[in-house]
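Here's a quick tour of one protein model, written for someone who likes cut-offs stated up front. Have the viewer open and follow along.

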Amino acid sequence: MIPIKDQNGIEAMRISGRAVGETLEALSKLIQPGVSTGEIDQAAAEFIIEKGGTSAFLGYRGFPGHVCISVNEEIVHGIGGKRRLQYGDIVKIDVGIIIDGWVGDSAMTFAVGAPHADSQRLMDTTRDALWNGIRKAIAGRRLGDVSHAIEKTIVDAGMGVVREFVGHGVGRKLHEEPQIPNYGSKGTGPKMKPGMILAIEPMVNLGSAEIKMMSDGWTVVAADGKPSCHMEHTVLITDDLPEILTPRPSLEIPEGMVASPAPII
């Protein structure tokens, strides 16, 4: 059963979603050579408290970080620590915040200085895949339409679709029904309805789609050692265009979707 949020739940999700977007925006300003991933995690903890929330990730199934920070070939679930960023790195930051029992969830990939040409192409492809998937998140369509749009964008660019990790519903829990693979066929899967809230999140490898788990039991990397990219938004299905619940202040919203209005507090 896919949860349908009422207006009170939607308004609460707008608040937690905005907090996530604003936290990602603040963290983006720390992405500089010499900064450690542990320093970014500590800053995230402080931003989350400022927003009146708690981390949705800290302690989740034992995860030790406030946010996920994954660098270069790391795909998802990286843990902040002593590693210092270097010029040309790409950094994935995944933020989840709980406010009044409701979860916002979003991820973005940032470049440290100017990325290598292949890394820039990877980030552009992942961003296109995210937008193309969100455009299909329309009431009356099926979830397979979202998955197919993401997969086609990635495959057409000659990159690898990570299949072991997927998008998901989100609300009172970090992970709710349904699962949203980044691959699939048009016209398949559950029909989307107004009030559904989905975390859509393509994970794209520059090379092979194969992955491996690191010894920490959390960090997932591209098996071939090439860069990977991850981008995510929490999205509300409406009677009209899909609504992005996790906008950042600097985010330009493309055609075919809207940013959530300022929440009622």
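## A hairpin to start with

Strand β7 and strand β8 (residues 176–180) run antiparallel and are joined by 3 bridges. Pairing here takes at least two DSSP bridges between two strands, and strands themselves are DSSP runs of E, at least two residues long, numbered from the N terminus, while helices are runs of H or I of at least four. The link between β7 and β8 is a hairpin through 6 residues. One bridge to look for sets Gly169 against Glu176 in β8.

Before going further, some housekeeping: this is a predicted model, where local features need pLDDT of at least 70 and side-chain atom pairs count only at pLDDT 80 or more, though totals for chains, interfaces and linings use all residues. Residue numbers start from 1 along each chain as its sequence is written, and side-chain values use heavy atoms, with hydrogens and water left out.

## On to β9 and β14

Gly169 turns up again here, since its bridge partner in β9 is Leu198. Strand β7 (residues 167–169) pairs with β9 in the antiparallel sense, over 2 bridges. Then β9 is also joined to strand β14 (residues 233–236), antiparallel again, by 4 bridges; in β14, Thr234 is the bridge partner of Ala199.

Is strand β9 (residues 197–200) covered or open on its two faces? Both are covered: Ile197 and Ala199 point to one side, Leu198 and Ile200 to the other, and all are buried. Buried means under 20% relative accessible area, exposed means over 50%, and partly exposed is in between (1.4 Å probe, protein chains only).

## A three-strand open sheet

Another piece of the fold is an open sheet of 3 strands, in the order β6-β10-β13, with antiparallel pairing. Its edge strands are β6 (160–161) and β13 (228–230), each of which pairs on one side only. Between strand β10 (residues 203–205) and β13 there are 3 bridges, and Asn205 stands opposite Ser228 in β13.

## Two buried residues

Trp102 sits in strand β5 (residues 102–111). It counts as buried because its relative accessible area is 13%. Skipping neighbours within four places in sequence, Trp102 is in contact (heavy atoms within 4.5 Å) with Lys5, Gly9, Ala12, Met13, Ser16, Ile97, Gly171 and Arg172. For a sense of scale, Trp102 and Asp216 are 114 residues apart in sequence and 29 Å apart in space, C-alpha to C-alpha.

Ser260 is found in the segment after β16 (258–259). Its relative accessibility is 2%, so Ser260 is buried. With neighbours within four places again set aside, its contacts are Arg14, Arg18, Glu243, Ile244, Leu245 and Pro247.

## The whole chain

Zooming out, the protein has 4 helices and 16 strands. Its radius of gyration is 17 Å, which agrees with the value near 18 Å for a compact globule of 265 residues; that rule is 2.2 Å times the number of residues to the power 0.38, and the radius is taken over C-alpha atoms. The C-alpha trace spans about 45 × 40 × 35 Å along its principal axes. Of the 265 residues, 54% count as buried, and among contacts between residues at least 6 apart in sequence, 70% join residues at least 24 apart.
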